[in-house]
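Here's a quick briefing on how the protein and the DNA meet in this one. Have a look at the structure before reading on.

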2 protein chains.
Amino acid sequence: MAVTIKDVAKRAGVSIATVSNVINGSRHVSAELEEKVRRAIAELGYQPNPLGRALRKGEAYTVALLLPDRSNSFFAQVAWGVEEQVRRYGYALITCNTDEDPELEAFYVSSLLNRRVAGFIVAPTSLGRETLAPIVHQRVPLVVVDRVIDGLPVDQVFSDNEGGAYLATQHLIRLGHRRIGLLVGISGISSIQDRIRGYKRAIEESGLTLDERLIAPGCSQIEEGAAAAEYLLARSDATAIFSTNNMMTLGALRSLKKLGIKCPDDVSLVGFDDSEWASVITPGLTVVAQQAYEMGFLAGALLFRRLTRKQEAPKPRTIKLRTTLITRESTAKPRKVSEVASGEAPAGQTTELGLASPVKSRRFREGG
Amino acid sequence: MAVTIKDVAKRAGVSIATVSNVINGSRHVSAELEEKVRRAIAELGYQPNPLGRALRKGEAYTVALLLPDRSNSFFAQVAWGVEEQVRRYGYALITCNTDEDPELEAFYVSSLLNRRVAGFIVAPTSLGRETLAPIVHQRVPLVVVDRVIDGLPVDQVFSDNEGGAYLATQHLIRLGHRRIGLLVGISGISSIQDRIRGYKRAIEESGLTLDERLIAPGCSQIEEGAAAAEYLLARSDATAIFSTNNMMTLGALRSLKKLGIKCPDDVSLVGFDDSEWASVITPGLTVVAQQAYEMGFLAGALLFRRLTRKQEAPKPRTIKLRTTLITRESTAKPRKVSEVASGEAPAGQTTELGLASPVKSRRFREGG
DNA sequence: ATCTCGTAAAAAAACGTTTTACACCTTCAG
DNA sequence: CTGAAGGTGTAAAACGTTTTTTTACGAGAT
């Protein structure tokens, strides 16, 4: 059916080895024969069959991308950046959705290794250290994105999550918020841990008291976000909420709406990750923006750095991408404590307000 | 390195052909040998190398998915449904983003055919009829989704776009809107054409006069949506906007916000496609919902129906999925004409209001 | 003039499967 | 008793490449 290297060889009057050498430049071929071969290729419209090549080289020209959550647009943007690189290098991209499930992740890793993909780009689940081990063990190139796995000797690209969370929390503090609820995404992954750390650091540096009751756990889905937000809004006197995850932010919005709580009048809200909708809704959502596309693009670059230079394996690199706070309308100064719209009477829990420190007031002057 | 069929054969004391026959059930093997082979496979943890199989069978066990817009969450959901099927059948999924660019689409088609993917699932660009021709010509299974290509003898899965658009428009008419703007997505694809048709049918059936000035063209991106909406809002007296595309809906929201136009007080808005954010924003967005996940899932089912039964090729099937109108808060009765918030004085353009027909009033009673 | 060396091309092996062709045995009908 | 048919196994070919090995040949050195 399709035209093979044999046909080209016959047409050019040379051996198939010569054709292969011309195509791959693997050995020198005389100008005369090279010309003949190139002409034959052009005339027949020959395209090398990747399957034959894959079998012989033990490698399909394919890259695997493992992402944990298809509904999160952040990962869609990461995938976009990866795809751009993959296309540039003429590889194919197999994208899989692990759904935050380590078992599924392990399954994909195994099956893709068996398929001899050239490399992996993975935003790992909480058990990434175990599930990705076979990749490292078989010395298949791997780039970890979004969630760092400490000590793993591979390329890693991630955001300055702590810094972003710090900025967001600081922003709320400067506005005058004293009780800032935290919506925590799936635990056990570095990005969320780092965001918690940034939150705590901002709280502590400003002289506020850290109240663990203000930290509501969830699982990076809308439902969990809604539940966690309701928990916060019903049981504490939080005047602001910082959501550490895209999906949970949606959940928080849902809760606010359901409970009839006005944002930012009653409660301020900051999300993590910018989205198309974040800027067009009312109120516009204040968010910590990540460089999602760049994350994918860089991860791709790091991967192909390994794939193309087969000689010396480069030292693993770790890249931290800047995060920025985008201030919109969902954050504002808190109302008087007595006006807080909460199901419970918050009287007893507000004593910490008295603990304002000199540090804090200085920061307010800075913030404007 | 890895264990091959040869190792299994040696261990079991049989030929590799026998091993192959056991694995694929291609020929009967005596119970005794089959037992030996199975044991050897288990002991060695043998996994067939897909590359060898692919070369011999002339088919990589891989499916290609071509989608036009990665940022549109509708397609993300379609991809999700497809992936579910693909995983179920043990295939791999190569996902590509054509970005509505026929050239890129043609490139992907060619390169994926060369890779011997087992089949395609494609939401085609406007030139799909041409770019997908090589797939049909080479008799590679193809399922077209979301956008019908008339007369193409392949499986097709799409939404009842006309019906959905009709419902949305009718909903606005029943609320009392007389001048309903239409934000048109990329032209040349069936889904948008069908939505326009549904809009026009609703307008005409209700006895209103169709005004082409109310139909604003765009290109299914946020920017175009915003521009088209601004055009409508500035130059006409539309009291409602129906957006035929997810992305353009976001653009419309942006314009509304930018111009300080209140929704639904000043202008009602209906979008096409439901999203996670649509229900949690304020006001909640009235939308026409498609069964996106199901679309992908069904497309996968149709594809594998062809891939598994190699014998008689089944007749091409066309499946139309139901669309539903989800009424939220972004649609309400129009204010008095004189209060419409528009840059232009709309006085002269409102004469059509007098044309109310008996049909229309009956419909209002039905609608409640 | 013979030997070595280097270069360029061809031939053949290899990758890991599936499938075809063939060999052997048993059974059964004529 | 013989020939055909059917069942069960193996050897070998095939898929389309890349890579290793072999061959051919001319130039330069001994």
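What follows goes through the surface near each DNA strand in turn.

Bear in mind that this is a predicted model. DNA strand D is surrounded by 27 residues, and DNA strand C by 28. Residues of both protein chains are among the closest to strand D, and the list for strand C likewise draws on chains A and B.

**Around DNA strand D**

- The closest residues here are A:Ile5 and A:Ser20 from one chain, plus B:Thr18, B:Arg27 and B:Ser30 from the other.
- If you take the atoms of DNA strand D that come within 4 Å of the protein, sugar and phosphate make up 56% of them.
- Sorted by class, the residues of this surface come out as 11 nonpolar, 10 polar and 6 charged.

**Polar contacts to DNA strand D**

- A:Ser20 has a polar side-chain atom 2.8 Å from a phosphate oxygen of DNA strand D.
- The side chain of A:Arg53 also reaches the backbone of this strand, with an N or O atom 3.1 Å from a phosphate oxygen.
- A:Arg56 goes for a base instead: a polar atom of its side chain sits 2.9 Å from a base oxygen of DNA strand D.
- As for the elements giving two or more residues to this surface, they are α2 (16-24) and α4 (50-57), in chain A and in chain B.
- α4(A) provides the largest share, with 5 residues.

**Around DNA strand C**

- Closest to this strand are A:Thr18 and A:Ser30, along with B:Ile5, B:Ser20 and B:Arg56.
- Sugar or phosphate accounts for 61% of the atoms of DNA strand C within 4 Å of the protein, and bases for the rest.
- The surface near DNA strand C splits by class into 11 nonpolar, 11 polar and 6 charged residues.

**Polar contacts to DNA strand C**

- B:Ser20 puts a polar side-chain atom 2.8 Å from a phosphate oxygen of DNA strand C.
- With B:Asn49 the backbone does the work, as one of its N or O atoms lies 2.9 Å from a phosphate oxygen of DNA strand C.
- B:Arg56 uses its side chain to meet a base, placing an N or O atom 2.8 Å from a base oxygen of DNA strand C.
- Elements that give two or more residues to this surface are α2 and α4, again from chain A and chain B.
- The most comes from α4(B), which gives 5 residues to the surface near DNA strand C.

Conventions. Residues are numbered from 1 along each chain as its sequence is written. Chains are lettered from A and ligands numbered from 1 in the order in which they are written. This is a predicted model: local features need pLDDT of at least 70, side-chain atom pairs count only at pLDDT 80 or more; totals for chains, interfaces and linings use all residues. Side-chain values use heavy atoms; hydrogens and water are left out. A residue is near a molecule or strand if one of its heavy atoms lies within 4 Å of it. A polar contact is a pair of N or O atoms within 3.5 Å; within protein, one must be able to donate a hydrogen and the other to accept it, and residues adjacent in sequence count only if both atoms are side-chain atoms. Helices (H or I, at least four residues) and strands (E, at least two) are DSSP runs, numbered from the N terminus. Ala, Val, Leu, Ile, Met, Phe, Trp, Tyr, Cys and Pro count as nonpolar, Asp, Glu, Lys and Arg as charged, and the others, Gly among them, as polar.
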